[in-house]
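Let's take a walk through this model together, starting with the cysteines and then moving on to the core and its aromatic rings.

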Amino acid sequence: MIAPADTVADSTATARAANVRLMIFDVDGILTDGSLHFGPEGEVTKTFNVLDGHGIKLLQQSGVATAIISARQSPIVLRRATDLGIHHVFQGIHDKRSAFEQLLAQTKMTADVCGFIGDDVIDLPILLRVGFAASVPNAHAEVRSRVHYVTQASGGRGAARELCDFILRAQGNYEAALAPYLA
C-alpha cells in the first residue's frame, strides 16, 4: 500500500515527481469537475479549465510526455486532447490496466517513470503501479489514501495545473517554464 498523501507535499512525493517522464490524466473528476451535462438531444458537454490546459502545455514543453486514459468515450475529450497536443488518448476503456499496458508498450516507458492522476476506484490499478500517483481532494477516500500527492484544488478547478506546476518544480524546470512570460 502506498503511504497516504497530505495536501502538503513531502520529500517522497517530490522525489517521485522528479522522475516523471510521462504524466497520465483521467478526465472526469480530474480535467473536469466530474459533472456530466446532458443537452436536449442527449449530447454530453464537459467544462475544461484553461489553467489546467496551459499547465499541461508547460509540462510538455519541459519534456514530459502526456496521455489521457478515461473510461468514458467522448468526442469532446478527443477535441481537448488535440488542442493540447496530447497524442496518447485512450477512451471508453473500463479496464484501465490494459490501457496503461498499451500505453507503456507504445511509449517504451516503464511504470516507474509514469505519473497518473485519478479520482475513483477504477483508477487504482494504474495508481498502484506508477512511480508517482496523485489525486484530488474530492476523490474517493480509497483513492486519496493510496496516492503520493493530493492536490489542494479540486478536479476541473485547477488540480491539473497545480500538479503540473508541482512536477515542474520537482524537476527544477518551473523557473525556466515561466521565463518566457517574465522577460
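**Cysteines, core and rings**

Cys114 is buried, its relative accessible area being 0%. Keep in mind as you look around that this is a predicted model. Why does Cys114 form no disulfide with Cys164? The sulfur of Cys164 is the closest cysteine sulfur to that of Cys114, yet it lies 15 Å away, too far for a bond, since a disulfide needs the two sulfur atoms within 2.5 Å. Cys164 also counts as buried, at 0% relative accessibility. Searching the whole structure turns up zero disulfides.

Now turn to the largest nonpolar core, which has 56 residues. Among those with the most contacts inside it are Met23, Phe25, Phe132 and Leu163. Helix H7 (residues 159–170) gives the most to this core, namely eight residues. Beyond its neighbours within four places in sequence, Leu163 is in contact with residues including Met23, Phe25, Phe132 and Tyr149.

Next, the rings: the structure holds three aromatic pairs. The ring centres of Phe132 and Tyr149 are 6.4 Å apart with planes at 35 degrees, so this pair is tilted. Because Phe132 lies in strand S7 and Tyr149 in strand S8, the pair ties together parts 17 residues apart in sequence. Tyr149 is buried, with a relative accessible area of 5%. Phe132 and Phe166 have ring centres 5.9 Å apart and planes at 25 degrees, so that pair is stacked. It links strand S7, home of Phe132, with helix H7, home of Phe166, 34 residues apart. Both Phe132 and Phe166 are buried, and together with Tyr149 they form one aromatic cluster.

One last stop is Arg169, whose charged end sits over the ring of Tyr174, 3.8 Å from its centre.

How values were computed
Residues numbered from 1 in each chain as written. Predicted model: local features only at pLDDT ≥ 70, side-chain atom pairs only at ≥ 80, totals over all residues. Heavy atoms only, no water. Buried < 20%, exposed > 50% of the residue type's maximum accessible area, 1.4 Å probe, protein only. Core = buried A, V, L, I, M, F, W, Y, C linked by side-chain atoms within 4.5 Å. Helix = DSSP H or I, 4+ residues; strand = E, 2+ residues; numbered from the N terminus. Contact = heavy atoms within 4.5 Å. Phe/Tyr/Trp six-rings, centres within 6.5 Å; stacked < 30°, edge-to-face > 60°. Lys NZ or Arg CZ within 6 Å of the ring centre and 35° of its normal.
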